[in-house]
Amino acid sequence: MEVKIDIGKLSENITLKSIENVTYTQIPEEELRKYFSFLKENSLINADNFDDSVWLIYNENKDREIIFKFDLEMYQELNKALKGYILLKRMTGTAITTCQSILMTLKRVILKTSKFEDLKELEIFLVSQTPIVGFNTAGIIRLFLTFYEHPLSSEIIDICNSIKAPEKKNRELPYFPDVIAFDEIVEEFFSSFKSEEYFRFYPILIWWKLTNVLPMRIIEVLKLKKNCIDKKKDGTFWIILPREKKKANSPFKLDITDTVQINKETYEIILCYINFIDNNKVETEYLFPYDLYVKFLPNPKGSSGQRKGKKNRLIDKYIQRILDDFYSHVIQNESLEKINLGDTRHFAIMNMFLQGFNMLSIARMAGHDNLEMQFNYYSHIDHYVQSQVYLLAQKKLELNIENKIGKTINNTSRYLYDKGLIYEDIELEKLRKVDFGYCSNLDFPKDCVGECKVCQPFYIFKPAVNDLEEGLKWLTDYSQSIQRNIQEVTEMMFSLSKNMFYDLQNRKYQESGQTKLNSASSQLTRLMDQRSTVEAWIRRYQDE
C-alpha cells in the first residue's frame, strides 16, 4: 500500500513523515498509535485509544459522526490490520464515507471466506454480486492485499482479476419535457402569496435557480453561508460559493471559496430567504438552517431520522425530503419523472458548454480535478440541445399569443385560442403572399433575412387547407436540416474545446481557440433559434 502523508505545515510540534509502499508487517504498531493520537488530538476521531472496537469519525458533509466497528474478535490479527489500513486511508485523505464502505466490505468478505482462506467461497461471493458491486469489491480486496500480506495473496488476486469491469453507462437524465413542467410549476408556485407553505419549500427555489446556472454539488449548496451574497457599489451582484478542495494528501481538507457574479433575480431570491431567517429569529451561520427546516415538519419530534447535527444546517437527506414533499404536496402528478438533486449540475455544465465556455473554465467552475471529467456530461448534449429547442419553441408559441391577447391567458385556453384565430383572413388580405403563408413586413425588402421559414417576427405560416400537409412537410424538412447543422456545430465546439492548448499550472487557455469557440457558440445560438421558430409553427398546426 502506497502511503504519502505530509501534515508538517499543519502542526508546528508534530510532523508525520511520508511513507511509501507500506505493508502491515513493515509499519510498527507504535507508528499507527501515533497517527491515531494525532487524529484524536485534532478532534478528527472520537475514541479513547487505538485498541477500542468502535471509532467515531466526524463527517462534516453529513454533519454527524460515522461509526467504525472493528469487531472481528475471532480474527484478532486481521482486525488490527483493518484498523491500521483504515487509519492510513484516512490519513492520506480518503473520504470518510469511502473508508466506512471499505471497512464494511472487507469485514463481510473476511467473514464469508474464513479470513480469505476459502477461495471457492470468495469466487462464489464475487460472482453472486451485481456486476458493479462485484467489480468494486474485487478492487477493494486487491488494494487491501497490498497492505496485508496474506499467504494466499496471489490466488486471491487472480480471482479478483477474473471479475471483469461492467459496461460503463452514462447517467440518464430525466425526460426533458418533465423538467420543463417542473420549472413551470416552480415558477407558478413561488409567484403566489408568501404563505407558510411557500417558505417550507423555499430551499427548492434557491437550489433550482442557482444550480441550473452554476454547476454546484448539492453539498456545496448546503454549505452556503447566510452572508453568501453581496451587492457591489457598481450595482453588480455576487455570491460566495464553498468549494471542496479535491486534491489532498491528508484529512485536513479546507473549503476554498469562489466568488461568482449572479443576476439580480437570484440575489433577491436568496435575500428574501435571509430576511425570513432573521424574522424567525433563527441563529445560524448557514443559509439553510436545520432549525428552520424542522419548523415545517408535520411532527418534528416524532419524525423518524430527524436529528440536528453539530452545525445548524441541512444535510443531503433533509433537502431530499423537501424535494420529495414538493412533488407529493405541490406537483401531485405521479406521471412526471422526478428530477434528482444532482441533475441540475449536469444541466449547468451543458449550458456553459453551449454558451462557449472552454473546458478549463468549466472545470474551474465545476470543481473538477481534470478536464476529462467533463466528457461524461457531453454525452447528453444532443438531447439537451433538442430539449432547449423544444423549450424555445414553446415560449415562442406562448409569446405569439400573449402579444395578441395579453398575458392573462391560462395554460389551457392559450392553445385553444391559437388554433388559427390569431390572424383573421381580413388581416391577411393586406399582407404580401409568400410560400405557404404571408409576410407582414410592410417595409420589405428592408430587414428581410432571406429565408421566410425562420423570419421573425414577419413570417406567418398560414397555408391553404389543401396545402397544409405539404406546408408542414416543407417546415419539417427544413427543421431536420437545421438539426443536422446543429449537430455539426456542437461536434466542432467539442473538438475545439478538447484540442485547445491549456496552461493548467497558470490556469490559462489559448485565446485564439476561445475566439473560435465563441464564434461557434454564436452560430449554434442562431441555429437553435431558427429551429425553434420552425418548430413553433409545426407544433401549432399539429395540435389542431
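## The nonpolar cores

The largest nonpolar core holds 108 residues, and within this core F182, L224, I239 and Y273 touch the most other members. Helix α21, spanning residues 511-542, supplies the largest share of the core, with nine residues. The model described here is a predicted one. As background, nonpolar side chains in soluble globular proteins tend to be buried together.

One of the residues named above, I239, can be followed in detail. Setting aside residues up to four places away in sequence, I239 touches L210, L214, L224, C228, I229, D258, T259, V260, I262 and I270. Another core, of 47 residues, lies apart from the largest one. Among the members of this other core are L106, V109, I110 and I156.

## The chain as a whole

The chain comprises 544 residues, of which 48% are buried. Its secondary structure amounts to 21 helices and 10 strands. When contacts between residues at least 6 apart in sequence are considered, 64% of them join residues at least 24 apart.

## Helix α13 and its partners

Two packed helices are described by the angle between their axes and the distance between the axes. Helix α13, residues 316-331, packs with helix α9, residues 202-211, at an angle of about 100 degrees, and the two axes are 9 Å apart. The range from 65 to 115 degrees counts as roughly perpendicular, and α9 and α13 are therefore roughly perpendicular to each other. On the side of α9 the contact is made by P203, I204 and W207, and on the side of α13 by I319, I322 and L323. By class, the residues of this contact are six nonpolar, no polar and no charged.

Helix α7, residues 176-189, also meets α13: the axes come within 12 Å and cross at roughly 75 degrees. That crossing makes α7 roughly perpendicular to α13. In α7 the participating residues are F182, I185, V186 and F189, and they meet L323, F326, Y327, V330 and I331 of α13. The contact of α7 with α13 divides into nine nonpolar, no polar and no charged residues. L323 of α13 thus appears in the contact with α9 and in the contact with α7. F182 of α7 takes part in the latter contact and is also one of the residues that touch the most other members of the largest core.

## The β1-β2 hairpin

Strand β1, residues 54-59, and strand β2, residues 64-69, run antiparallel and are joined by six bridges. Across this pairing, V54 stands opposite K69 of β2. In a regular strand the side chains alternate between the two faces of the sheet.

Four residues lie between the strands of the hairpin. D63 of this hairpin takes a positive phi near 55 degrees.

## The three-stranded sheet

A further set of strands forms an open sheet of three, in the order β6-β7-β8, with antiparallel pairing. Strands β6 (432-434) and β8 (459-461) stand at the edges, and each has a single partner strand, so one side of each is left without a neighbour in the sheet. From one strand to the next the twist averages 30 degrees.

Strand β7, residues 437-439, pairs with β8 in the antiparallel sense over three bridges. Within this pairing, Y438 has I460 of β8 as its bridge partner.

## Positive phi in two loops

Most residues other than glycine have a negative phi. S43, which is not a glycine, has a positive phi near 60 degrees. S43 is found in the loop between α1 (29-41) and β1. With a relative accessible area of 60%, S43 is exposed, the cut-off being over 50%.

K115 likewise has a positive phi, of about 55 degrees, although it is not a glycine. The loop that holds K115 runs between α3 (96-112) and α4 (119-128). K115 counts as partly exposed, at 31% relative accessibility.

## K498 in helix α20

K498 is found in helix α20, which covers residues 468-499. At 44% relative accessibility, K498 counts as partly exposed.

K498 and N358 are 140 residues apart in sequence, while their C-alpha atoms are 8.2 Å apart in space. Once its neighbours within four places in sequence are left aside, K498 is in contact with M359 and F375.

Conventions
Residues numbered from 1 in each chain as written. Predicted model: local features only at pLDDT ≥ 70, side-chain atom pairs only at ≥ 80, totals over all residues. Heavy atoms only, no water. Pairing = 2+ DSSP bridges. Axes fitted to C-alpha atoms, helices over the stretch in contact; angles between N-to-C directions. Parallel < 35°, antiparallel > 145°, perpendicular 65-115°, else oblique. Contact = heavy atoms within 4.5 Å. Nonpolar A, V, L, I, M, F, W, Y, C, P; charged D, E, K, R; others polar. Core = buried A, V, L, I, M, F, W, Y, C linked by side-chain atoms within 4.5 Å. Buried < 20%, exposed > 50% of the residue type's maximum accessible area, 1.4 Å probe, protein only.
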